[in-house]
Amino acid sequence: MTTSNTTRPIVFMDVNIGETQVGRIKMELFSDIVPLTAENFRQLCTGEHRVNNRPQGYKNCTFHRVYVCDYSLKLVPNFMCQGGDFINNDGTGSFSIYGEKFDDENFKVKHDAPGLLSMANSGANTNGCQFFITTAPAEFLDGKHTVFGRVIDGMLTVRKIERVPTGANNRPKLAVKITECGEM
């Protein structure tokens, strides 16, 4: 995998937990490996895709699912923070700049490290607006979810999201909101 920051887009998300600003996540998008997936995410970060002249995207959207690990009980593996459902805000909504859903582009990049940006889906070829950031290697997702970027700055912010207490369906008990987003 090449890492040419000069050609790959860099996007950001500013995050609040409750009413407290906790930081910015900067992400490099793998536009040379998965150009359609990267462009979908980039436009949803910038809000440049519009429906009826209204920007569509992640601003004011939440992270609706955070998988945390109770090391003492060895329950759910600690592997990701999921967000991006700006349609229903609960993990059921789908939207893309190409229509409701779009196909898996490829599975060249593996889920082999924390800080990878990957498409959340409900099965093969059902990509939309939802994404997740890995907090640990998650090889069991390889071949099922398209990795399309990586965190280049702000992993501490991801770790803060990961530490938010969760309730039913791994939903954070405090709102974890993307207050601002765009392209650098």
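**Figure 1. Ala168 sits in the loop between H2 and E10.** This predicted model places Ala168 out in the open: its relative accessibility is 64%, so Ala168 counts as exposed. For a sense of scale, follow the chain to Ala38, which is 130 residues away from Ala168 in sequence. In space, the two C-alpha atoms are 31 Å apart.

**Figure 2. Helix H2 spans residues 155–162 and has buried residues along one face.** Look for Thr157, Val158, Ile161 and Glu162, the buried residues of H2. Viewed down the helix axis, these buried residues fall within an arc of 145 degrees, so they line one face of H2. Beyond this helix, the loop between H2 and E10 brings you back to Ala168.

**Figure 3. Strand E1, residues 10–17, is largely enclosed by the rest of the structure.** How many residues of E1 are buried? Eight of the eight are, so the rest of the structure largely encloses the strand. It helps to recall that side chains in a regular strand alternate between the two faces of the sheet. On one side of E1 you will find Ile10, Phe12, Asp14 and Asn16, and on the other Val11, Met13, Val15 and Ile17. Both faces of E1 are covered, as each of these residues is buried.

**Figure 4. E1 pairs with E2 and with E10.** With E2 (residues 20–29), E1 pairs in the antiparallel sense over eight bridges. Two pairs are worth labelling here: Met13 stands opposite Ile25 in E2, and Asp14 stands opposite Arg24 in E2. Both Met13 and Asp14 are buried, and they belong to opposite sides of E1. The hairpin of E1 and E2 has two residues between the strands, and Gly18 takes a positive phi near 65 degrees there. E1 also runs antiparallel to strand E10 (residues 176–183), to which seven bridges join it. Within E10, Glu183 is the bridge partner of Val11.

**Figure 5. Strand E9, residues 147–153, pairs with E2 and with E7.** E2 and E9 are antiparallel and share four bridges. Which residue of E9 is the bridge partner of Glu28? That partner is Arg150. Next along E2, Leu29 has Gly149 of E9 as its bridge partner. The pairing of E7 and E9 is also antiparallel, with three bridges. Gly149 turns up again in this pairing, this time as the bridge partner of Leu117.

**Figure 6. Two asparagines, Asn53 and Asn89, have positive phi values.** If you like to check backbone angles, begin with Asn53, which has a positive phi of about 65 degrees although it is not a glycine. Asn53 lies in the loop between strand E3 (50–51) and strand E4 (54–55). Its relative accessible area is 69%, which makes Asn53 exposed. For Asn89, phi is near 60 degrees, again a positive value in a residue other than glycine. Asn89 belongs to the loop between strand E6 (80–83) and strand E7 (116–119). At 26% relative accessibility, Asn89 counts as partly exposed.

**Figure 7. Cys45 and Cys61 are buried cysteines without a disulfide.** A disulfide is a covalent bond between the sulfur atoms of two cysteines. How many disulfides does the structure hold? It holds zero. For Cys45, the closest cysteine sulfur is in Cys181, 5.2 Å away, too far for a bond. The sulfur of Cys61 has its closest cysteine sulfur in Cys129, at 7.1 Å, and that is too far for a bond as well. For reference, the cut-off for a disulfide is a sulfur pair within 2.5 Å. Cys45 is buried, with 2% relative accessibility, and Cys61 is buried too, with 1%.

**Figure 8. The largest pocket holds about 260 Å³ of space.** Its lining is made up of 20 residues. Lying nearest the centre of the pocket are Gly91, Ala120, Asn121, Ser122 and Gln130. What is the make-up of the lining by class? There are six nonpolar, 11 polar and three charged residues.

Terms used
Residues numbered from 1 in each chain as written. Predicted model: local features only at pLDDT ≥ 70, side-chain atom pairs only at ≥ 80, totals over all residues. Heavy atoms only, no water. 1 Å grid on protein atoms, 1.4 Å probe; cavity = no way out; pocket = protein on both sides within 12 Å on 5 of 7 lines; lining within 4 Å. Points joined across faces, edges and corners; volume = space filled by probe spheres on them. Nonpolar A, V, L, I, M, F, W, Y, C, P; charged D, E, K, R; others polar. Buried < 20%, exposed > 50% of the residue type's maximum accessible area, 1.4 Å probe, protein only. Arc of directions from axis to C-beta. Pairing = 2+ DSSP bridges.
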